[in-house]
Amino acid sequence: MAVEHYENFPVASILIPKKQRFAIQTIYHFARTADDIADENLEIKTKIKQQQLNVFKKFLDVIQYSISNNFGNDFSNDILEEIQNNIRKSITNENFELFYNFDKYKNITNIFTNLAEVITKFKLNLQHFHDLLTAFQQDLVKRKYNDFGELKNYCSNSANPVGRLVLSLFDINDKQSFYHSDCICSALQLINFCQDFFIDIKQKQRLYIPLNEVKKHNLTYNYFLQTESQQILNNNNWKNLMLVQCNRAKNLMLEGVPLLKKLSGRLKWEIKFTIAGGLFIIEKIISNLENDNINLTPENYRPTISKKDFFTIAKKAFVL
């Protein structure tokens, strides 16, 4: 898995069995589209973006209502077709007009008709999808977090539902597995915050670092907004602050490793590579910060993965 854009998906990897591959692609399409509403096209007003995400919530409610009406029944093709027809009836011209600038959102019908199929086939918990939307809506209105508790709560909506959905596709729903999955997904989210620090603060004015820890390192949110990126990068207080964030993410990832004991087959290898890739990225950032890499710039601060690095990641995966 690449730790990028929508961070927490093993997107249709060849390691994912064919039975679950379409389901993961569908969930990814839902999450990626909703995430793009919150993060892309910054010139569009927040109110419009909120209305767009509310459309997604309404379609989830249609799926929930249809499932509730058929509670106790096996989900035959007839029932699935009924649910999909209810979704199509709910997609009005008014809803489409909200997305007039977004060509890729014009196939919104397909997103939710496919999602209805996946949810009913695998009996997925719709709350996980609502939690994802809660995080995307939060991104529209909240730009900083007072402490790690607040940030962890954000991760519980933005990242953890993904892992739980993937496990559910493989009929893994026990509390311990969910806990370790949450550790891995939250760690991936924190790793993304570390590598995307300059993108988040300079382009979106968002700071995904606890303010009480920023203050402890004699820094401020306004300092990050007003100071040139290279100057921030050269600031030892910032480096020490980021090392705290990076090591927290690494330790949280390692806390999730016991999940592998509950997995088997191709899913186990998919998650092994996910963990190994995340650890590779965060260890590369830590190394650059600890060794005062003089060639580090805001442009190359975000690690890239070369072909040679893939072999290193593979070695990590094999020893997990």
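These legends accompany several close-up views of a predicted model.

**View 1. How confident is the prediction along the chain?**
Across the protein, pLDDT averages 87, and 87% of the residues score at least 70. Residues 1–6 fall under 50, and the model gives them 30 contacts beyond four places in sequence. The pLDDT is also below 50 over residues 8–12, a stretch with 23 contacts in the model beyond near neighbours in sequence. Keep these scores in mind when you look at the beginning of the chain.

**View 2. Helix H1, from end to end.**
Here you can follow helix H1 through residues 18–39. What span should its 22 residues have at 1.5 Å a residue? The expected value is 32 Å, and the C-alpha atoms at the two ends are 31 Å apart, which agrees. Move just past H1 and you meet Asn41, whose phi is positive, at about 50°.

**View 3. Arg206 and its neighbours.**
Look for Arg206 in the loop that joins helix H10 (197–203) to helix H11 (211–216). Is this arginine buried or exposed? Arg206 counts as buried because its relative accessibility is 6%, and the cut-off for buried is under 20%. Its side chain reaches the backbone oxygen of Ala38 at 3.4 Å. A polar atom of the Arg206 side chain also lies 3.3 Å from the backbone oxygen of Asp139. Leaving aside residues up to four places away in sequence, Arg206 touches Ala38, Asp39, Asp139, Arg143, Asp200 and Ile201.

**View 4. Helices H9 and H15 packed together.**
Two packed helices are described by the angle between their axes and the distance between the axes. For helix H9 (residues 175–195) and H15, the angle is about 30° and the axes are 10 Å apart. Their crossing is left-handed. On the H9 side, the contact is made by Ile184, Leu188, Ile191, Cys194 and Gln195. H15 contributes Ile271, Thr274, Ile275, Gly278, Ile281, Ile282 and Ile285. As you trace these residues, remember that an α-helix has 3.6 residues a turn, so residues three or four places apart point the same way.

**View 5. Pro303 in its loop.**
Pro303 sits in the loop between helix H15 (265–290) and helix H16 (307–319). With a relative accessible area of 9%, Pro303 is buried. Which residues does Pro303 touch, not counting those up to four places away in sequence? They are Gln195, Ile281, Lys284 and Ile285. Ile285 is 18 residues from Pro303 along the chain, and their C-alpha atoms are separated by 7.0 Å. You have already met Gln195, Ile281 and Ile285 in the contact between H9 and H15.

Definitions and conventions. Residues numbered from 1 in each chain as written. Predicted model: local features only at pLDDT ≥ 70, side-chain atom pairs only at ≥ 80, totals over all residues. Heavy atoms only, no water. Helix = DSSP H or I, 4+ residues; strand = E, 2+ residues; numbered from the N terminus. Expected span 1.5 Å × (residues − 1). pLDDT = per-residue confidence, 0-100. Contact = heavy atoms within 4.5 Å. Buried < 20%, exposed > 50% of the residue type's maximum accessible area, 1.4 Å probe, protein only. Polar contact = N/O pair within 3.5 Å; in protein donor to acceptor, adjacent residues only side chain to side chain. Axes fitted to C-alpha atoms, helices over the stretch in contact; angles between N-to-C directions. Left-handed = near helix turned anticlockwise from the far one by under 90°.
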